Amino acid sequence: IMQVALQQQDYVLFSEELKKYYPQIYNELSEILSHHNVRHGVLKGTADYWCRDYMPIQVDYDRFVQFRYHPDYLKGYRDYETPTEVSLELAKKLTSASIETSPIIADGGNFTFASIKRGRGYTPVVVMTEKVFFENSEVAGENLVYQLEKLFPKHKLLFLPWDRGDACGHTDGILHAVGPNKLLVNLKVYPDKIAARMREILESCFKVIELELSDYHEYSWAYINMIHTKDVIIVPGLGRATDAEALNHIKKLFPQYDGRIYQVQVSSIVKKYGGALNCLSWSFYKYL
């Protein structure tokens, strides 16, 4: 089987920094995961909470790629940059799968996975924003695409325009796979022109479903930035009237998760740092 769909991932890790600075949020997440027997734990020795971004990307059951974590938005704040050797060491303790290192600068939050089903076959898709071209500007665009295609040989790659108002340029606040051929998106928070181009690119492969909210605000992207394992879905809460709307829409889209979809309030983190639950977790499939 190719790229591990989110529903099949069942090992969730958080940075020890999250447990230290936001114990209430960590404990709530840990209780939900424990209740559903989802294995989870903490990563020690990381420089910040956002382990999605500096930990390796799972390409297949037995293969990961470790990209170079050196984001431009941490210029002047390099103390918060977890070195690649630390990420590799942590990952090697948790999985015996092979981990290939790449010199490409990229954050884990800019790799969102989906799949296209045609007949009996599935094509895995990885969706990124064009931020990756800006962060690796010394490499010619077509050469960068070639390198990424070699790292993801079975995948179709889609590149969305990068809204410069979003310093991180990640896709995990733009879209979330809802089974094959379907995506939940949150495009209303983007400028019209960029949103229209994103929609056009995504609709070339998928049925695109806009998150239904009565009010779209600067943080409503966070609802899409959820923890999604094969046993449980945890949706961020923002302490707003739209929390219940987001939760209800996500429950409708995932009826097979009846009774296993939760909401955890994370507005303090979202407002301060601009990241939510997918950013705060590193999840992968691990053989028992």
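## A walk through the model, core first

Start with the largest nonpolar core: it has 44 residues, and Leu 18, Leu 29, Leu 184 and Ile 234 are those with the most contacts inside it. Keep in mind as you click around that this is a predicted model. To see who builds the core, color the elements that give it two or more residues: strand 1 (11–15), helix 2, strand 13 (233–237), helix 8 (242–253), strand 14 (261–265), helix 9 (267–273) and helix 10 (277–280). Helix 2 gives the most, with five residues.

Now zoom in on Leu 18. Ignoring residues up to four places away in sequence, Leu 18 touches Pro 23, Tyr 26, Leu 29, Tyr 49, Ile 269 and Leu 280. There is also a second, separate core of 21 residues, and Ala 114, Val 125, Met 198 and Phe 206 are among them. As background, nonpolar side chains in soluble globular proteins tend to be buried together.

**Glu 17**

Select Glu 17, in helix 1 (residues 16–21). What is the nearest side chain of opposite charge to Glu 17? That would be Lys 20, 4.6 Å away; Glu 17 is buried yet has no salt bridge. Show the surroundings of Glu 17 and, leaving aside neighbours within four places in sequence, you'll find contacts with Tyr 22, Thr 46, Asp 48 and Tyr 49.

**Helix 6**

Next, pick helix 6 (residues 141–151), where Leu 144, Leu 148 and Leu 151 are buried. Look down the axis: the buried residues of helix 6 fall within an arc of 55°, so they line one face of the helix. Spin to the face turned away from the buried side and you get the exposed residues Glu 142 and Lys 150. What covers the buried residues of helix 6? The cover includes strand 3 (57–60), strand 4 (63–68), strand 5 (98–105), strand 7 (121–129), helix 5 (131–135) and strand 8 (156–160).

**Two positive phi values**

Most residues other than glycine have a negative phi. Here are two with a positive value. Asn 37 has phi near 55°; select it in the loop between helix 2 (23–35) and strand 2 (39–43). Asn 37 is exposed, with a relative accessible area of 66%. For Asn 181, phi is near 70°. Asn 181 belongs to the loop between strand 9 and strand 10, and is partly exposed at 26% relative accessible area.

**Pro 180**

Stay put and select Pro 180, in the loop between strand 9 (175–177) and strand 10 (182–185). Pro 180 is partly exposed, at 34% relative accessibility. Not counting residues up to four places away in sequence, its contacts are Ser 115, Lys 117 and Tyr 122. For a sense of scale, draw a C-alpha to C-alpha distance from Pro 180 to Arg 68: the two are 30 Å apart in space and 112 residues apart in sequence.

**The cysteines**

Last stop: how many disulfides does the structure hold? Zero. Select Cys 168 and you can see why it is unpaired: its sulfur is 7.5 Å from the closest cysteine sulfur, in Cys 279, too far for a bond, given a cut-off of 2.5 Å. Cys 279 is likewise in no disulfide, with the sulfur of Cys 168 as its nearest cysteine sulfur. As for accessibility, Cys 168 is partly exposed at 23%, while Cys 279 counts as buried at 5%.

Terms used. Residues are numbered from 1 along each chain as its sequence is written. This is a predicted model: local features need pLDDT of at least 70, side-chain atom pairs count only at pLDDT 80 or more; totals for chains, interfaces and linings use all residues. Side-chain values use heavy atoms; hydrogens and water are left out. Buried means under 20% relative accessible area, exposed over 50%, partly exposed in between (1.4 Å probe, protein chains only). Helices (H or I, at least four residues) and strands (E, at least two) are DSSP runs, numbered from the N terminus. Contact means heavy atoms within 4.5 Å. Lys and Arg count as positive and Asp and Glu as negative; His and the chain ends are not counted. A salt bridge is a side-chain nitrogen of Lys or Arg within 4 Å of a carboxyl oxygen of Asp or Glu. The arc is that of the directions from the helix axis to the C-beta atoms. A nonpolar core is a set of buried Ala, Val, Leu, Ile, Met, Phe, Trp, Tyr and Cys residues joined through side-chain atoms within 4.5 Å.
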